[in-house]
Amino acid sequence: MCGFLAYIGDNLNSKRLESGLSSILHRGPDSSRILKQKNFAFGFNRLAIQDLSDKSMQPMIDFYGNSIIYNGEIYNFKEIKKELESIGYKFKTNGDVEVIMKSILEWGFEKSLNKFEGMFAIIYYSKKENRVYACRDCFGIKPIFYSFLSKKEILFSSEIKAIAKYKDNVELDFYNSINPIFFTGMPPKEKTMFKDIFSLNEGHIFTIDLNKFNYKTDSFFKIESLIDPDLYKEISGMGKSSITNIYKKDLSRNIKQHLVSDAKCGVLFSAGLDSSIIAGEISNSGIKVDLFKYENDDFSDKKFTKSFLDFSKQSLHEVSGNDDNLIFELPRLIYHYETINKSEGVALSKACELSRNKGYKALLTGDCADELFAVYISAQEYFTKSFITNLKSFDKLSSFSNKIIPGFKELFSSDLGHFISP
């Protein structure tokens with residue numbers, strides 16, 4: 001995790017830029033640097049993961065005067081590097097930043113993004129085009145916020161607090177953002193909890209033409225592009241064993257990619273299914289990895305942890321005895337999340353803090369398995385609703401029932417939680 005603050009315009013306030021960048025030093029405590037040019041300034045805080053030398057420090061400038069700041073990881077950068085070397089490109093570093101820059105030189109900005117496998121938020125200045133590109137990865141894993149200071153000034157940042165430090169006049173947006181948070185857990189698309197500070201949507205590029213200061217946003221990725229109808233039909237005819245083998249092969253490849261790191265890499269472990277599968281797969285591949293876990297005082301899962309450790313022989317580091325004090329950590333957690341978020345984030349932050357104190361900069365986690373395999377109650381309710389509404393007799397039954405119980409039909413056109421749960 002790195003942090004950046006970028007100013008685009010020709011009326012830079014250097015002190016405010018430095019103050020804003022300092023406010024997100026926690027994202028990149030290894031080193032900081034600011035690049036100031038005629039009509040833009042890039043500030044960067046680095047957490048070194050790939051190529052720990054200063055050669056991969058950002059902002060990075062190439063031979064042609066192009067500049068980049070970037071937060072994230074491109075997991076297939078070594079394969080892309082080999083492809084670029086085969087057509088004559090030479091490299092001075094061993095990291096992924098230079099690979100991104102040379103990819104853009106060879107294939108252009110948007111085409112390069114479609115080659116990257118990973119998570120990223122990129123700000124890139126093209127000297128030849130005199131344009132600034134800002135983009136966010138396909139699933140929005142890495143954050144990027146922006147705010148207009150005037151018609152010809154804009155800020156981009158990894159966190160809202162850096163923008164707030166520069167603007168110095170930020171207000172909460174109660175009407176647009178607070179209300180949806182209580183219903184969905186998230187603010188509306190593009191918005192944040194603060195007025196005039198926006199979030200760039202996942203899979204989007206924000207382009208600024210510096211000659212006239214025209215700007216536009218475009219999508220470079222749509223999730224439906226991942227669907228292969230032929231593969232779907234093929235898998236539909238397979239048995240569970242064959243489908244499991246396909247998934248295992250893909251999961252193993254993904255885990256291997258995520259372990260590519262010049263810094264120490266561990267696993268955020270809960271003894272649950274998702275993190276155990278990841279840690280178990282690493283163990284099966286013969287790689288020694290440390291596990292970091294928060295132990296709940298009231299609901300201990302030590303028997304699951306012991307069972308896994310007996311199998312994997314991995315090293316476990318635990319945080320425990322903190323339950324009574326977790327509530328006092330909530331203000332700090334909200335400060336870092338910059339929104340109302342999950343309460344268990346406090347426990348996760350404790351495990352992450354332990355890993356950082358032991359010299360680890362990256363942890364693999366089991367996030368998103370519940371979404372991918374539709375195991376949340378909301379997904380189960382959707383399938384139940386679909387099953388009921390597809391019954392041949394449903395239309396007649398619902399029309400009759402709706403006369404007796406007005407609004408009965410609406411139970412099946414909205415979330416079924418209030419209907420099925422009791």
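This passage describes how selected helices, nonpolar cores, loops and individual residues are arranged in a predicted model.

The nonpolar interior is considered before the helices. In soluble globular proteins, nonpolar side chains tend to be buried together. The largest nonpolar core of the model comprises 41 residues, and those with the most contacts inside this core are Ile8, Ile123, Phe156 and Ile208. A second core, separate from the largest one, holds 26 residues, among them Phe77, Ile104, Cys138 and Phe220. Once residues up to four places away in sequence are set aside, Phe156 touches Phe4, Leu5, Ala6 and Ile8, together with Ile123, Ala134, Ile144, Phe145, Tyr146, Phe206 and Ile208. The neighbours of Phe156 thus include Ile8, Ile123 and Ile208, which are named with Phe156 as the residues with the most contacts inside the largest core.

Three pairs of packed helices were examined. In the pair formed by helix α2 (residues 77-86) and helix α3 (residues 97-107), the axes lie 10 Å apart and the packing angle is about 50°. Because an angle that is neither under 35 degrees, nor over 145, nor from 65 to 115 counts as oblique, α2 and α3 are oblique to each other. The crossing in which α2 passes α3 is left-handed. On the α2 side, the contact is made by Phe77, Ile80, Lys81, Glu83 and Leu84, which meet Val99, Lys102, Ser103, Glu106 and Trp107 of α3. Sorted by class, the residues in this contact are five nonpolar, one polar and four charged. Phe77, which takes part in the contact from α2, is also one of the residues of the second nonpolar core.

Helix α9 (residues 273-284) and helix α10 (residues 302-312) also have axes 10 Å apart, and these two helices pack at an angle of about 15°. Since angles under 35 degrees count as roughly parallel, α9 is described as roughly parallel to α10. Their crossing is right-handed. Ser276, Ala279, Gly280, Ser283 and Asn284 of α9 are in contact with Phe308, Phe311 and Ser312 of α10. This contact of α9 with α10 involves three nonpolar and five polar residues, with no charged residues.

In the remaining pair, helix α11 (residues 330-337) and helix α12 (residues 345-357) have axes that come within 10 Å and cross at roughly 85°. An angle of 65 to 115 degrees counts as roughly perpendicular, so α11 is roughly perpendicular to α12. The contact brings Leu330, Arg332, Leu333 and Tyr337 from α11 against Gly345, Val346 and Ser349 from α12. By class, it has four nonpolar residues, two polar residues and one charged residue.

The backbone of several loops was considered next. Most residues other than glycine have a negative phi, and most peptide bonds are trans. In the loop between β3 (40-46) and β4 (60-61), where Pro59 lies, the peptide bond from Gln58 to Pro59 is cis, with omega near -5°. The loop between β3 and β4 also contains Asp51, a residue with a positive phi of about 50° although it is not a glycine. Asp51 has a relative accessible area of 7% and is therefore buried. A positive phi, here of about 65°, is likewise found at Asp168, again not a glycine, in the loop between α5 (160-167) and α6 (174-184). With a relative accessible area of 58%, however, Asp168 is exposed.

Two further aspartates illustrate how residues apart in sequence are placed in space. Asp10 is located in the loop between β1 (3-8) and α1 and, at 64% relative accessibility, counts as exposed. Asp10 is 31 residues from Ala41 in sequence, while their C-alpha atoms are 9.3 Å apart. Asp30, in the loop between α1 (14-22) and β2 (31-36), counts as partly exposed at 35% relative accessibility. The C-alpha atom of Asp30 is separated by 5.5 Å from that of Leu47, which is 17 residues away along the chain. Apart from residues up to four places away in sequence, Asp30 touches Arg46, Leu47, Ala48, Arg356 and Lys361.

Finally, Thr207 belongs to strand β11 (residues 204-209) and counts as buried, at 7% relative accessibility. With neighbours within four places in sequence left aside, Thr207 is in contact with Arg131, Val132 and Tyr133, and also with Asn214, Tyr215 and Lys216.

Key:
Residues are numbered from 1 along each chain as its sequence is written. This is a predicted model: local features need pLDDT of at least 70, side-chain atom pairs count only at pLDDT 80 or more; totals for chains, interfaces and linings use all residues. Side-chain values use heavy atoms; hydrogens and water are left out. Axes are lines fitted to C-alpha atoms, for helices over the stretch in contact, and angles run from 0 to 180 degrees between N-to-C directions. Helices (H or I, at least four residues) and strands (E, at least two) are DSSP runs, numbered from the N terminus. A crossing is left-handed if the near helix is turned anticlockwise from the far one by less than a right angle, and right-handed if clockwise. Contact means heavy atoms within 4.5 Å. Ala, Val, Leu, Ile, Met, Phe, Trp, Tyr, Cys and Pro count as nonpolar, Asp, Glu, Lys and Arg as charged, and the others, Gly among them, as polar. A nonpolar core is a set of buried Ala, Val, Leu, Ile, Met, Phe, Trp, Tyr and Cys residues joined through side-chain atoms within 4.5 Å. Buried means under 20% relative accessible area, exposed over 50%, partly exposed in between (1.4 Å probe, protein chains only).
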